[in-house]
Amino acid sequence: MLPMEIGVEISLYPLAERFAPEIHDFIARLNAAGDLKVVSGSLSTQIFGDCDRVLEVLHRELRATFESRAKQGGKAAFVLKVLGPL
């Protein structure tokens, strides 16, 4: 299988009054992956890297966000755009 780089633009909308801390936590967890390029803006965050690795990290962090919201009796919405190959 050939290596393939992709980019993902992602926006998180926690359905909660205090939404900013959850967004900052999500971005911090993406940055903690260490091997992805993460670029944050005011409306979205862009993630760049190996396709399999980007999708692996996104899967883990999307699930962690949904689990966290469920424990609080809430929900979250994500909007994703995927571009590749780069």
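Which residues lie nearest the centre of the largest pocket? Keep that question in mind while you get your bearings, and remember that you are looking at a predicted model.

**Stop 1: the whole chain**

Start with a cartoon view of everything. You should find 2 helices and 4 strands. Follow the chain from the N terminus, and the elements come in the order β-α-β-β-α-β. Turn the model along its principal axes: the C-alpha atoms fill a box of roughly 40 × 25 × 20 Å. The radius of gyration is 13 Å, which agrees with the value near 12 Å that a compact globule of 86 residues would have. Of the 86 residues, 35% are buried. Now think about who meets whom: among contacts with a separation of 6 or more, 67% are between residues 24 or more positions apart.

**Stop 2: the largest nonpolar core**

Next, select Ile10, Leu30, Leu36, Ile47, Val54 and Leu58 and show their side chains. The largest nonpolar core has 17 residues, and these six touch the most other members. Colour strand S1 (5-14), helix H1 (20-32), helix H2 (51-71) and strand S4 (76-83), since each of them supplies at least two residues of this core. Which element gives the most to it? That is H2, with 5 residues. A useful background idea is that nonpolar side chains tend to be buried together in soluble globular proteins.

Zoom in on Leu36. Setting aside residues up to four places away in sequence, Leu36 touches Ile47, Phe48, Gly49, Arg53, Val54 and Val57.

**Stop 3: the largest pocket**

Now back to the opening question. Select Leu12, Ile23, Ser42, Leu43 and Ser44: of the 15 residues lining the largest pocket, these lie nearest its centre. Switch on a surface if your viewer has one. The pocket holds about 220 Å³ of space. Rolling a probe the size of a water molecule over the atoms shows where empty space is left.

Who builds the lining? S1 and H1 each supply at least two residues, and S1 has the largest share, with 5 residues. Try colouring the lining by residue type: you should get 9 nonpolar residues, 6 polar and no charged.

**Stop 4: Arg69**

Select Arg69, which lies in helix H2. Is this residue buried or exposed? Its relative accessibility is 4%, so Arg69 counts as buried, because the limit for buried is under 20%. Show what surrounds this arginine: beyond residues up to four places away in sequence, Arg69 touches Pro14, Leu15, Ala16, Glu22, Gly74, Lys75 and Ala76.

**Stop 5: Val82**

Move to Val82, in strand S4. Is Val82 buried or exposed? Val82 has 59% relative accessibility and therefore counts as exposed, as exposed means over 50%. Leaving aside neighbours within four places in sequence, Val82 is in contact with Ile6, Gly7 and Val8. For a distance exercise, pick the C-alpha atoms of Val82 and Ser68. These two residues are 14 apart along the chain, and their C-alpha atoms are separated by 24 Å.

**Stop 6: a cis bond**

Finish by selecting Gly84 and Pro85. Pro85 sits in the segment after S4. Look along the peptide bond from Gly84 to Pro85: this bond is cis, with omega near -15 degrees. Most peptide bonds are trans.

Note on methods: Residues numbered from 1 in each chain as written. Predicted model: local features only at pLDDT ≥ 70, side-chain atom pairs only at ≥ 80, totals over all residues. Heavy atoms only, no water. Core = buried A, V, L, I, M, F, W, Y, C linked by side-chain atoms within 4.5 Å. Buried < 20%, exposed > 50% of the residue type's maximum accessible area, 1.4 Å probe, protein only. Contact = heavy atoms within 4.5 Å. 1 Å grid on protein atoms, 1.4 Å probe; cavity = no way out; pocket = protein on both sides within 12 Å on 5 of 7 lines; lining within 4 Å. Points joined across faces, edges and corners; volume = space filled by probe spheres on them. Nonpolar A, V, L, I, M, F, W, Y, C, P; charged D, E, K, R; others polar. Rg over C-alpha atoms; globule rule 2.2 N^0.38 Å.
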